[in-house]
Amino acid sequence: MRLKLSDILKATGGTLLCGDENTAVTSFHTDSRQAKAGAMFVPIRGERADGHDYIQSVLESGAAASFADHPVPTGEKPVVLVKDCREALQKAAAWYRDQFSIPIVGVTGSVGKTTAKEMVAQALSAKFRVLKTAGNQNSQVGVPITVCGLRKDHTAAVVEMGVSMPGEMARIAAVVKPTCAVMTNIGVSHIEFMKTRENILKEKAHIADYLPWSGTLFVNGDDDLLPTLKETLGNKVVTFGLGPNCDWRAYSLKEADKGTFFTCQSPTGEKTELFVPAAGEHNVRNALSAMAVARYLEIPAEDAVRAIAAYKAPAMRQQVIEANGLLIIDDSYNASPDSMRSAIDVLSTRQVPGRKAAVLADMLELGDFAHQGHREVGEYARSHGVELLVAVGPLSKEIAAGYGEGAVWFETNQQAIEYLKGTLRPGDALLVKGSRGMATDQIVAALKE
């Protein structure tokens, strides 16, 4: 990225408090430690710290410029006064995005956004030079910073778009302006703030606000709510899934050690044999969405098939690890009731000589649904072949209660680690999953030692 400060002033409507408007900006950063030469600092007011307190030190350490939402002591380097720094970043990114006429795929959903994003990007790599969201930088700040990562040599982009509060999708959709989009599902993640799944659907549907007249919204047809978008968006909506009424359909699934073979049928009846190197029906749907987007963008089917077969799971997202005689399914990045059930399904299909065990930790941001959601996960684990259940964290007491006799509960990861090291045996398979705030990746690391 290379923008003149004059462009940023034009995009944001900001006022230059000092400095030269011809200053070049090559990146945006909200972390004062990363704002080096060429960077424009975006000071965010947080619960623990206010980025405005670091403006002077950031500029002294080499950053090119900074936003500010109130007059601050200035030196020679540019400071741009705006009403809201986060909003200014979004406006600058939206202006920058408009400089590119390339396919941009937006990806959202309650569960599986990051995996779907990775798989779609992998499929598009067969034809395009793809920019994709790094990790899960899908927030009100992460999305515009991702968009500002576009370079002249990029020929497509895949942008993960997450929301947790009402009104957020409309704002980031105005930044990304996707030319097509994917919606994985509507679950109960962030229901604490959205209150109902119907509200979550309404919020996430704003991803389609800026779709061009020829744009397509690919949605999971097996979800009970997503197909209803056809009532409002009509022919823009194309479904994918395992059900017979899906436009893109997968059938004849065959589980293998390192993934799933299946037949993919397009809306025109074209049949293609695919292998996705990831377990579970949810990953078959992810591969279907990737295939659907690839074909929409005129990538030959055989090229998309080869690309999808080379997919590698992101860290801490159902990575299968063999360590010390154990088969560990590391799905420790995040958790919701929906993703817990999908992960348990993956565990249940593994053929191992030993027991099937699971460490399930707290699921956060469930609000009034927390009690029911945790208990139902425990019940699901019991009914789907989990032979040893270890619950970690205060909320997970309900997981243990739902599982019933035989479940064990611990307050901390360290307590769980000590128990697992004395209980697990070679040949056992272990699923590890919990919300990011529970840091269950510590358990995986300890068992790998």
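Here are four short exercises on this predicted model, each with a worked solution.

**Exercise 1. Thr239 and its surroundings**

Find the strand that holds Thr239, decide whether Thr239 is buried or exposed, and list residues that Thr239 touches.

Solution.
- Start with the backbone: Thr239 belongs to strand β13, which spans residues 237-241.
- Next, look at accessibility. The relative accessible area of Thr239 is 5%, and buried means under 20%, so Thr239 is buried.
- Finally, look around the residue. Leaving aside residues up to four places away in sequence, Thr239 is in contact with Val219, Gly221, Lys230, Asn245, Cys246, Asp247 and Trp248.

**Exercise 2. The two sides of helix α15**

Work out which residues of helix α15 are buried, and what these buried residues pack against.

Solution.
- Walk along α15, residues 413-423: the buried residues are Asn413, Ala416, Ile417, Leu420 and Thr423.
- These residues cover an arc of only 140 degrees around the axis, which means that they lie on the same side of α15.
- Now turn the helix around. On the face turned away from the buried side you will find the exposed residues Glu418, Lys421 and Gly422.
- Return to the buried residues to see their partners: the strands β19 (356-361), β20 (388-392), β21 (408-410) and β22 (429-433), together with helix α16 (441-448).

**Exercise 3. A five-stranded sheet**

Trace the order of the strands in the open sheet of five strands, then find the helix that packs on the sheet.

Solution.
- Read across the sheet: the order is β2-β7-β6-β5-β4, and the pairing is mixed.
- The edges are β2 (15-18) and β4 (27-29), each pairing on one side only.
- On average, neighbouring strands are turned by 30 degrees against each other, direction ignored.
- Take one pair as an example: β6 (residues 65-68) and β7 (residues 79-81) run in the parallel sense, with three bridges. Here Ser66 stands opposite Val79 of β7.
- Helix α3 (residues 85-97) packs on this sheet and touches β4 and β6; the direction of α3 makes about 125 degrees with that of β6.

**Exercise 4. Two helices that cross**

Describe how helices α10 and α11 cross, and say which residues meet.

Solution.
- Begin with the axes: those of α10 (residues 281-296) and α11 (residues 301-309) come within 10 Å and cross at roughly 145 degrees.
- Then the handedness: this crossing of α10 and α11 is right-handed.
- From α10, Ala287, Ala290, Met291, Ala294 and Arg295 meet Ala301, Ala304, Val305 and Ile308 of α11.
- Sort the residues of this contact by type: eight are nonpolar, none is polar and one is charged.

Technical notes: Residues are numbered from 1 along each chain as its sequence is written. This is a predicted model: local features need pLDDT of at least 70, side-chain atom pairs count only at pLDDT 80 or more; totals for chains, interfaces and linings use all residues. Side-chain values use heavy atoms; hydrogens and water are left out. Helices (H or I, at least four residues) and strands (E, at least two) are DSSP runs, numbered from the N terminus. Buried means under 20% relative accessible area, exposed over 50%, partly exposed in between (1.4 Å probe, protein chains only). Contact means heavy atoms within 4.5 Å. The arc is that of the directions from the helix axis to the C-beta atoms. Two strands pair if DSSP finds at least two bridges between them. Axes are lines fitted to C-alpha atoms, for helices over the stretch in contact, and angles run from 0 to 180 degrees between N-to-C directions. A crossing is left-handed if the near helix is turned anticlockwise from the far one by less than a right angle, and right-handed if clockwise. Ala, Val, Leu, Ile, Met, Phe, Trp, Tyr, Cys and Pro count as nonpolar, Asp, Glu, Lys and Arg as charged, and the others, Gly among them, as polar.
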